[in-house]
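Hi,

Here is the structure I promised to pass on. Have a look at it first, and then read my notes below.

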Amino acid sequence: MRSSQFSAACGAFLSMYVLAAAAQTGTPQAPSGPAAMWKAECASCHMAYPPGLLPERSWRKMMAELDQHFGQNASLDAAATKAILGYLAENSAERGTSRRSARFLGAVPANAIPLRITANAHFVREHREVTPDVWKLPKVGSPANCNACHSDAEEGSFSGRNVKIPR
Amino acid sequence: MPNFVSTKFLRAALPVLLAMSWMGAHAASPGELLQGYAAQSRKEDPAFKEFSASAGDKFYHASVKHSSGRQISCATCHTDSPRNAGKHDKTSKEIPPLAPSVNKTRFTDSGNAEKWFKRNCQDVLERACTTQEKGNFIAYILSVK
């Protein structure tokens with residue numbers, strides 16, 4: 001066996017070893033890009049809210065105070081915080097091209113740095129017909145649980161046609 | 001030096017070796033992860049012997065009074081048994097079971113375990129957990145079949 005063949009064989013064997021080891025421990029593969037990290041980290045406690053629902057300054061504040069995130073500690077290590085903030089900033093309401101981003105942004109007062117998406121005036125207006133008892137349904141729980149009624153919310157779609165209130 | 005340890009070989013193998021060492025730093029079996037905490041405990045306290053699943057059981061179920069006035073414990077979100085799926089206290093999002101006996105992905109990544117200890121100890125106990133507490137906790141979770 002020539003040395004190049006040998007090294008190729010070793011490389012192939014080692015790759016298999018790595019894959020087998022990963023499969024054996026059932027380790028969730030570390031998310032690679034910032035978008036995957038955003039989804040994996042933010043969606044571990046709640047739906048990963050589309051970045052276009054808040055201005056960049058809000059995401060900067062949010063990511064700077066993750067240890068006090070709506071009353072809970074959601075801290076991340078510095079590398080993950082930086083990568084996810086980069087993704088959020090690049091896709092924030094100012095950068096978004098959708099009509100929705102523009103409307104959410106338009107409802108934010110010039111000097112405000114809002115954190116709570118559900119307090120946005122456009123959000124409130126869009127949900128004016130939703131009565132308090134609907135928010136309290138066991139399968140809804142709170143206005144923050146978008147995907148309880150918007151079946152495609154995780155994909156960033158909030159079309160009124162896809163709204164289905166759970167029973 | 002044997003001739004197969006060539007530059008070519010190193011070039012081919014290096015990414016793989018790096019991947020393996022990276023995995024070594026993060027991925028482990030729950031038992032290996034627990035051994036890591038045991039090594040840490042021995043460093044902190046030479047008299048350390050072993051972790052206690054029964055102490056972990058008590059810790060998991062111990063209800064503490066939070067400064068918000070609420071009585072809470074690990075079981076508040078993770079339910080009475082780590083075999084069950086839990087529910088996030090605020091968002092109601094499902095929390096997959098903690099016990100590796102029903103959820104193989106649990107306690108296989110030291111970074112992930114530390115991330116959640118840091119968050120949850122602060123949220124429930126309003127302080128960091130000790131290495132002894134973390135080890136007891138994992139010993140209990142692993143004992144739940």
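His78(B) is a good place to start: with a relative accessible area of 14%, this residue falls under the 20% cut-off and is therefore buried. Please keep in mind that this is a predicted model. His78(B) sits in helix 4 of chain B, which covers residues 74-78. Setting aside neighbours within four places in sequence, the contacts of His78(B) are Tyr60(B), Asn84(B), Gly86(B), Ile95(B), Leu98(B) and Asn120(B).

One of those partners, Tyr60(B), leads on to a helix pair. Tyr60(B) belongs to helix 3 of chain B and is among the residues there that meet helix 6 of chain B. The axes of these two helices come within 7 Å and cross at roughly 100°, so helix 3 of chain B is roughly perpendicular to helix 6 of chain B. On the helix 3 side, the contact also includes Ala53(B), Phe59(B) and His61(B), while helix 6 contributes residues including Glu133(B), Phe137(B) and Tyr140(B). Sorted by class, the contact between the two helices holds eight nonpolar, four polar and two charged residues.

Finally, a word on Asp45(B), which lies in the loop between helix 2 (30-44) and helix 3 (53-61) of chain B. Is Asp45(B) buried or partly exposed? Its relative accessible area is 38%, so Asp45(B) counts as partly exposed. The C-alpha atoms of Asp45(B) and Gln132(B) are 9.8 Å apart, although 87 residues separate the two along the chain.

Best wishes

Terms used:
Residues are numbered from 1 along each chain as its sequence is written. Chains are lettered from A and ligands numbered from 1 in the order in which they are written. This is a predicted model: local features need pLDDT of at least 70, side-chain atom pairs count only at pLDDT 80 or more; totals for chains, interfaces and linings use all residues. Side-chain values use heavy atoms; hydrogens and water are left out. Helices (H or I, at least four residues) and strands (E, at least two) are DSSP runs, numbered from the N terminus. Buried means under 20% relative accessible area, exposed over 50%, partly exposed in between (1.4 Å probe, protein chains only). Axes are lines fitted to C-alpha atoms, for helices over the stretch in contact, and angles run from 0 to 180 degrees between N-to-C directions. Angles under 35 degrees count as roughly parallel, over 145 as roughly antiparallel, 65 to 115 as roughly perpendicular and the rest as oblique. Contact means heavy atoms within 4.5 Å. Ala, Val, Leu, Ile, Met, Phe, Trp, Tyr, Cys and Pro count as nonpolar, Asp, Glu, Lys and Arg as charged, and the others, Gly among them, as polar.
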